[in-house]
Amino acid sequence: MASPPSTAAGFILLLLFHAADVARSQSYIGVNYGMVADNLPPPSATSKLLQSTSIGKVRLYGADPAIIKALANTGIGITIGAANGDIPSMAADVNFAKGWIGSNVLPYYPASKIILINVGNEVLQYGTPELKAQLLPAMKNVQTALDESSLGGKIKVSTVHSMSVLGQSEPPSAGRFDPSIGDLLKGMLEFNKATGSPFMINPYPFFAYQTDPRPETLAFCLFQPNAGRPDSGNNIKYMNMFDAQVDAVRSALNAMTFNDVEIVVAETGWPYKGDVAEAGATVENAKAYNGNLVAHLRSMVGTPLMPGKSIDTYLFALYDEDLKPGKLSEKAFGIYNVDSTPIYDAGLSKGSQGDLATAPTPIISPPADAPTTGGGTTLPTNSSTTTTPPSSTASHDSPTARVNASKNAATSDKIGASFVILVSLAVVSINTKSDIFYSLHRHLFYLSFYSYSLSSDCKFTFNKTLFFVIDPHHLQMATLISDTAAWKDMKAHVGEIDKTHLRDLMADTDRCKSMMLEFDGIFLDYSRQRATANTVSKLFALAEEAHLKQKIDSMFNGEHINSTENRSVLHVALRASKDTAINSDGKNVVPDVWQVLDKIKEFSDKVRSGSWVGATGKALTNVIAIGIGGSFLGPLFVHTALQTDPEASKSAGGRQLRFLANVDPVDVARNISGLDPETTLVVVVSKTFTTAETMLNARTLREWISSALGPQAVSKHMVAVSTNLKLVEKFGIDPNNAFAFWDWVGGRYSVCSAVGVLPLSLQYGFSVIEKFLKGARSIDQHFHSAPFEKNIPVLLGLLSVWNVSFLGYPARAILPYTQALEKFAPHIQQVSMESNGKGVSIDGVRLPFEAGEIDFGEPGTNGQHSFYQLIHQGRVIPCDFIGTVKSQQPVYLKDEVVNNHDELMSNFFAQPDALAYGKTPEQLQSENVASHLVPHKTFTGNRPSVSLLLPSLDAYRIGQLLAIYEHRIAVEGFVWGINSFDQWGVELGKSLASQVRKQLHASRKKGESVEGFNFSTTKLLTRYLEASADVPSEPTTLLPTI
């Protein structure tokens, strides 16, 4: 097939598979374990089998500890179940639910990736009236148990329903729930919506076929070519039963206004054998159903009512259930034999999609009105052509319908040059000047079974085959950055740099000029980096290879770049101006942000003016903010930096702000020392209101207030930053005094949310903190729009990648030459090391290189008398020198050579040169240094640094500095190809601590001996308990005093 004459750049890409996607486990493909059997293989064999497939998660009927343990550290998601028989006890006693979590979740999580707990199975359909009434209370108590174990939001709670929960399912657009269970179901759906948990359903096209065993019904159920079934309600033609059944559930949910509740298919499958009277139970049909369903899920087409994404689906089942009663088919849903060989190929093995060349494939009906030429069918594809609207009778599987689904998902109608991956060796000619491709939302997206050629007048000619379209960005995601040519070029370039010394590089004036830039008064000098202009050029090439610009845009566009938690990353929205539009999941979040900011301004103005007073009528002049991690370090850094700013300190006159983070009672004692509960306001910061350390400290200060002023005083002396209004109210805080933030705000990036803005506004006034937000906003805009060669965060991030991954310098010293920034390094330590301290790529592939930096620092000149010895003559540690032109608190003394700030800044200017140039033995000898001292006084130099000079350090500049480092860290992660916005590494220790907590409780209260730990931990715990035996088992309240 010849390319059209107008083709600007024709290409042929012949691949047999979309291996980049299939080779990985896919989170939307799950499997039921199949436990009603007496011949199951060892759990270790099951774990090995699952890891050889693209199955991403497993559903257990119960909570079998053996299989849960066997799946530890595999990354495979695990859904566990609480039996119907447990529901009455769970509903009646929250402690039973806590015990169940303690036995079935806490010993294994997070090593075993438990993601969901199903309370009961098909209770609303087959349970007694009493059991139906107990189901929701049981689910709520399980949720409470998770919340109190700091697992709320990390593990979801739901229940499983059969399709009989629907009172009407035909046509799909008219799907409605059985009105007899409407009230019960509404409560459960409200629970699903509030907790973000899915609605679990069991659609089985096999059973639909049993009631209508016609050939056309079989084809419809097996995703095989068929005439389709129009939906009279919306004129969509359904091409398979699975989509029709799932969309009927979607319609029923929407009819009850639960549009946001996600659907998960808990079970679906097809038996490979059955009784004589059971139509369609054959190996061929089982292979066709499961194989084509897997292909359908991988396509990311979705359903007509939920286009552009795959429904999370658990196939039934991994193994046969030979002990299951009933018909033969009930025992024969297995996909694998117990020796791990497949009963039939469903396309689940990694690197395999099954025998799709011969398996039945979904039908495409080209548009009826499309003109034909040469026996083929043509479809207009240029962007000016009007496509069939979703309400038309075009098949959901038609190219037109799929294009519309794609556009709905991605809001753009082209992706430039995409790859076409052909299962059969069909040749594709592409006119690259034509707007012929569609935004595919970074997912594999197959257009079914016609290949095409593109003529010079931009017409598709269809030929029967199976082909795929894949966005090259998605294909790149499966490739480690270290495998790219740009990375290898950087590695080779290190040899050139090793032949240079900063003494020589600094002598090149033109080079130095090229490594200096200024933005909004901030001056960056990176000329003391071990880099040349060629190095920087290669770093920009690496950034392009890593798709850095696209990733930055994706962050600002609200895409779910935090893929492991399926969240947007939008801390930039926290400081956006009111007229800005920043979307997350199709909604502009900026109005919500400003609603909270306006509420903070109103509340802080009332407290500061004295119109909001405490329980005894006294003004609240002291604030204690309780939080940990990002809820503490960021706000503390800003507070410390503002304390000595003239404008801020004047605004804070007569007020105190303290931060309580550590659960150590000493921290409580220090925070309440010298304070009067009558004049103290406590801000409790916890998104879920379940963080163990924070809530224990909150209960401690609640007791401090209550014991002095009475329990009724809590509502006037405590407010919350949380989204869990139910627990806020239960705690005793008025929900009207709760300030929201969102799951697209990571803790370490939350200082610009109510987490930081509320306590800081109470101390300094909202007008001062608004300047801080504006400063951060100025850098956000600079980061998003400035070209890379003039972009401060991008340059700093790329230089960090250069130092860490190529020059082999794992650490970075943050050295602010202003005491006001004494808490800056600890905050950036968390932002950097929690963000980029990862060992796997965003796709879960083990990194063959080191990522992340070890951050530490201290203000100069204190650090000079602490660790600079090592920096100058020990390990090479790249340094960030941060200085200000103006001091917050200038001091001038008569007859001094320089003022105090000049003395400080003398060191700021001298130290980078000392690191860069060093001092040679020849210089020392020329100074007549004793020969035996020359080795000790030699400085090798060639130690890199950057210098960042700020005009001043006011609220605006503090905001700028924060945003520079936030975005710098994101750049590093984007280039390394990791997820800088999750933090799974903090979970294991917390999980193990919960086991220790239970042991301490049992030992203190019941005198139980230490059990269940290794020898070392047992010894330490026993010694601790013995040495603290004077701790009362039933203590009365005792608060710390200093």
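Me: A polar contact is a pair of N or O atoms within 3.5 Å; within protein, one must be able to donate a hydrogen and the other to accept it, and residues adjacent in sequence count only if both atoms are side-chain atoms. What does the side chain of asparagine 202 reach, and at what distance?

Reply: In this predicted model, the side chain of asparagine 202 reaches the backbone nitrogen of glutamate 267 at 3.2 Å, and this distance is within the limit of 3.5 Å, so the pair meets the distance rule for a polar contact. Residues are numbered from 1 along each chain as its sequence is written, and side-chain values use heavy atoms, with hydrogens and water left out. Because the model is predicted, local features need pLDDT of at least 70 and side-chain atom pairs count only at pLDDT 80 or more, while totals for chains, interfaces and linings use all residues.

Me: Why is asparagine 202 called buried?

Reply: The word buried means under 20% relative accessible area, whereas exposed means over 50% and partly exposed lies in between (1.4 Å probe, protein chains only). Asparagine 202 has 4% relative accessibility, and therefore counts as buried. It is found in strand 8, residues 199-202, where strands (E, at least two residues) and helices (H or I, at least four) are DSSP runs, numbered from the N terminus.

Me: Is glutamate 267 buried or exposed, and how do you know?

Reply: Glutamate 267, which is found in strand 11 (residues 263-268), has a relative accessible area of 10%, and so it is buried. Its side chain also makes a polar contact of 3.0 Å with the side chain of arginine 59. If neighbours within four places in sequence are left aside, glutamate 267 is in contact (heavy atoms within 4.5 Å) with residues including Arg59, Tyr61, Asn202 and Tyr314.

Me: What makes glutamate 647 buried, partly exposed or exposed?

Reply: Its relative accessible area is 37%, and therefore glutamate 647 is partly exposed. This residue lies in helix 22 (residues 646-651), and a polar contact of 2.6 Å joins its side chain to that of lysine 771. Leaving aside neighbours within four places in sequence, glutamate 647 is in contact with Val768 and Lys771.

Me: Why is serine 150 called buried?

Reply: Serine 150 has a relative accessible area of 17%, so it is buried. It is found in the loop between helix 7 and strand 5 (156-162). Its C-alpha atom is separated by 8.3 Å from that of threonine 688, although the two residues are 538 apart along the chain. Apart from neighbours within four places in sequence, serine 150 is in contact with Thr690, Thr691 and Ala692.

Me: How do you know which parts of the chain have low pLDDT?

Reply: The pLDDT is the predictor's confidence in each residue, from 0 to 100. The mean pLDDT of the chain is 85, and 85% of its residues reach 70 or more. Over residues 1-23, however, the pLDDT is below 50, and this stretch has 57 contacts in the model beyond near neighbours in sequence. Over residues 353-478 the pLDDT is likewise below 50, and that stretch has 296 such contacts. Where pLDDT is low, the predicted coordinates should not be read in detail.

Me: What can be said of the chain as a whole?

Reply: The chain has 37 helices and 34 strands, and 55% of its 1042 residues count as buried. Among the contacts in the chain with a separation of 6 or more, 73% come from residues 24 or more positions apart.
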